[in-house]
Amino acid sequence: MAGAAVSLYALLVVVAVVLVWAITHRRRADQVPAHLAPVIAAARRRALVGVLCAIVVFLAGAIAAVSMPVLLGLPLAVTPLLAAAAGLALYAATPPRSITVADDQPRTAGLSRRSWLTVIPGGWLHACLEIAAIFIVVVVFCGLTADADDQGRSRAIRFETAGQASWSSPYPGWFYGIPALIALAVLVAAVVVALQRIGTTAAFPSPDDSDADAQWRRASASVVLSLATGAVLFSLGGIALMAGVTMNNAIIDGATPVVWDVVADVLVISGILSLVLSVVAVTLAALTAFTIGDRVVRVEGARR
């Protein structure tokens with residue numbers, strides 16, 4: 001029942017995001033200029049395949065976590081991060097398409113240096129960095145406050161007072177935290193590689209298309225960063241929610257300092273919020289991938 005409820009909530013969030021996007025981003029009837037259409041279509045296809053790959057890998061990891069209890073839910077802590085990394089690795093490995101230039105046609109080259117840093121949209125970059133920092137803080141906090149379970153694994157939390165002791169598990173201690181931090185590092189590397197591939201792809205050969213060239217790069221980079229942000233948010237939400245619920249179960253009423261009640265409630269609320277926002281971010285990644293080229297149409301249309 002809990003799984004069905006979560007799936008329903010996720011579906012409702014997706015529908016809401018799609019409706020808001022459809023209202024605020026109505027597509028124009030104009031067509032992408034013919035000489036740019038193959039490149040734009042290829043960029044859109046690469047981004048969509050990357051997002052789809054991430055979703056498929058995530059579902060496979062979630063099924064593994066549910067069907068193999070011996071793993072103690074560990075795949076749920078790392079699968080979102082590794083799934084996004086897999087999708088971005090596939091994106092970076094897929095060769096981009098470039099415009100064919102005839103032998104007698106003049107070729108131009110910009111003098112400005114492009115790299116993965118030059119294509120990053122500022123808003124998504126700040127969000128991604130801040131959420132990653134919060135993720136690290138939460139993981140380290142849970143690791144430092146965790147205790148060993150009956151098998152000696154760092155996945156329990158214990159409270160003790162005079163004559164009383166209480167403990168609860170599973171708690172996201174280092175048993176979950178260290179693999180999650182490693183998975184985060186893998187995701188960061190995949191993001192840099194994907195952005196570098198966007199930044200170093202051959203530019204449109206005509207100087208008149210420089211704005212269009214910048215637009216598809218920014219849209220593609222937005223897909224990369226929103227997918228990564230959604231993955232980190234999902235892992236953060238799962239870890240925070242698990243920590244808050246388990247902490248509440250271990251608290252000794254009337255004996256444990258009230259600050260722990262506050263911490264547990266904050267973790268539960270932030271965990272739920274993070275899970276919802278993760279669905280929003282991944283949905284935005286898919287929508288942005290699907291609409292790569294819309295801004296190119298507007299720029300080209302304005303020029304005409």
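## A tour from Ser168 to the aromatic pairs

Begin by selecting Ser168, which, leaving aside residues up to four places away in sequence, touches Arg155, Ala156, Ile157, Thr246, Asn249 and Ala250. The model on screen is a predicted one. Ser168 belongs to strand β3, which covers residues 164–168, and its relative accessibility of 11% falls under the 20% cut-off, so Ser168 counts as buried.

Turn next to the aromatic rings, where the count comes to 3 aromatic pairs. Among them, select Phe58 together with Phe234, whose rings meet edge-to-face, at 5.0 Å centre to centre and with 75° between the planes. This pair links distant parts of the chain, since Phe58 sits in helix α2 (residues 37–67) and Phe234 in helix α6 (residues 210–250), 176 residues apart. Phe58 is partly exposed, at a relative accessible area of 21%, and Phe234 is also partly exposed, at 26%.

Then move to Phe159 and Trp260, whose ring centres lie 5.2 Å apart with the planes at 65°, so that this pair, too, is edge-to-face. Because Phe159 lies in strand β2 (residues 154–161) and Trp260 in helix α7 (residues 258–290), the pair ties together parts that are 101 residues apart in sequence. Colouring by accessibility, one finds Phe159 buried, with a relative accessible area of 8%, whereas Trp260 counts as partly exposed, at 23% relative accessibility.

For the last stop, select Arg46 and Tyr91: here Arg46 lies over the face of Tyr91, at 4.3 Å from the ring centre.

Terms used. Residues are numbered from 1 along each chain as its sequence is written. This is a predicted model: local features need pLDDT of at least 70, side-chain atom pairs count only at pLDDT 80 or more; totals for chains, interfaces and linings use all residues. Side-chain values use heavy atoms; hydrogens and water are left out. Helices (H or I, at least four residues) and strands (E, at least two) are DSSP runs, numbered from the N terminus. Buried means under 20% relative accessible area, exposed over 50%, partly exposed in between (1.4 Å probe, protein chains only). Contact means heavy atoms within 4.5 Å. Rings of Phe, Tyr and Trp (its six-membered ring) pair if their centres lie within 6.5 Å; planes under 30 degrees apart count as stacked, over 60 as edge-to-face and the rest as tilted. A charge sits over a ring if NZ of Lys or CZ of Arg is within 6 Å of the ring centre and within 35 degrees of the ring normal.
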